[in-house]
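Biologist: Got a minute to go through this one with me? I'd like to hear the reasoning behind each label.

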Amino acid sequence: MEVIIQPDKKAASSLAARIVAQLIQRKGECVLGLATGNTPLMLYKELIRLHKQGELDFERVTTFNLDEYVGLSPSHPASYTSYMWENFFKHINIPAHRVHIPDGLAPDIPAFCRQYEGAIKAAGGIDIQVLGIGTDGHIGFNEPSSSLASRTRIKTLTKQTLEDNARFFNGEENVPHHVITMGVGTIMESRKCLLMAFGKKKADVVARMVEGPITAMVPASILQMHPEAVVIIDEAAASKLERSDYYRWVYDNKPDWQKY
Ligand code: PGA
């Protein structure tokens with residue numbers, strides 16, 4: 001696991017954008033796994049800026065989103081489909097048929113999930129999976145106790161996640177209780193995982209993910225087993241790490257060929 005501590009969210013997001021941009025510029029045709037929530041907003045802003053400057057072409061980029069609420073139509077303002085088009089896709093030149101977001105209205109959820117997994121495989125697998133982390137340690141919506149080998153499926157949200165997301169729904173009672181999410185095993189098959197976390201609220205869970213034991217109680221801790229997991233955090237989110245001096249030392253001493 002590579003832990004990169006940046007002075008603030010802006011610097012962290014620019015670095016994450018550089019990693020994603022390098023993939024698109026190098027490969028052209030590539031597959032991104034995308035996340036929603038507050039965390040990746042500045043990353044998307046920066047990618048939009050690079051696109052508008054003529055540095056990034058999304059014509060051959062395919063995307064798969066991590067998750068969606070069950071029962072919300074794509075046009076619902078709090079759906080992740082709305083979020084993605086509003087905050088990212090409508091500002092870039094990605095062809096709509098290359099965008100994949102779980103269908104919260106799928107009549108047969110298990111069949112839909114199998115089909116989603118098949119579509120990721122058919123696209124050649126995910127090159128970079130962008131991730132946030134929930135205060136309870138979830139990635140995607142894989143809540144604590146999720147199988148670390150799980151695939152795309154329906155999950156029930158924890159009370160903690162309902163509270164965290166109440167702000168998007170005018171109160172906790174309106175947050176859907178079920179979601180479709182890529183599984184932990186699905187996420188682990190991505191060639192690179194790029195997890196960002198910002199703010200003091202994430203400091204505890206970041207320490208548990210990076211320095212705690214690998215456990216289904218903190219699903220993000222499985223990233224310790226990923227050959228290319230990059231964790232980009234701000235100072236506040238890094239504040240509970242025991243080995244932060246070492247992570248800074250490693251980053252400052254990266255050989256030139258390894259730098260982003
Ligand atoms: P946030 O959510 O980016 O809004 O903090 C992260 C998550 O729940 O995965």
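**Cysteines and ligand**

Modeller: Let's start with Cys-193, which is buried, with a relative accessible area of 1%. Keep in mind this is a predicted model, where local features need pLDDT of at least 70, side-chain atom pairs count only at pLDDT 80 or more, and totals for chains, interfaces and linings use all residues. Residues are numbered from 1 along each chain as its sequence is written, and side-chain values use heavy atoms, leaving out hydrogens and water.

Biologist: Why is Cys-193 called buried?

Modeller: Because buried means under 20% relative accessible area, with exposed over 50% and partly exposed in between (1.4 Å probe, protein chains only). Cys-193 has 1%, so it counts as buried. Cys-30 also counts as buried, at 1% relative accessibility.

Biologist: How many disulfides does the structure hold, and how do you know?

Modeller: Zero. Cys-30 is in none, as the nearest cysteine sulfur, that of Cys-193, is 15 Å away. A disulfide needs a pair of cysteine sulfur atoms within 2.5 Å, so a pair beyond that doesn't qualify.

Biologist: What makes the Thr-39 pair with the ligand a polar contact?

Modeller: A polar side-chain atom of Thr-39 lies 2.4 Å from a ligand oxygen, and the definition asks for a pair of N or O atoms within 3.5 Å. In the Lys-202 side chain, an N or O atom is 2.6 Å from an oxygen atom of the ligand. For Asn-38, a backbone N or O atom lies 2.9 Å from a ligand oxygen.

Biologist: Which residues surround the ligand?

Modeller: Among them are Gly-37, Ile-133, His-138 and Arg-167.

Note on methods: Near = heavy atom within 4 Å. Polar contact = N/O pair within 3.5 Å; in protein donor to acceptor, adjacent residues only side chain to side chain.
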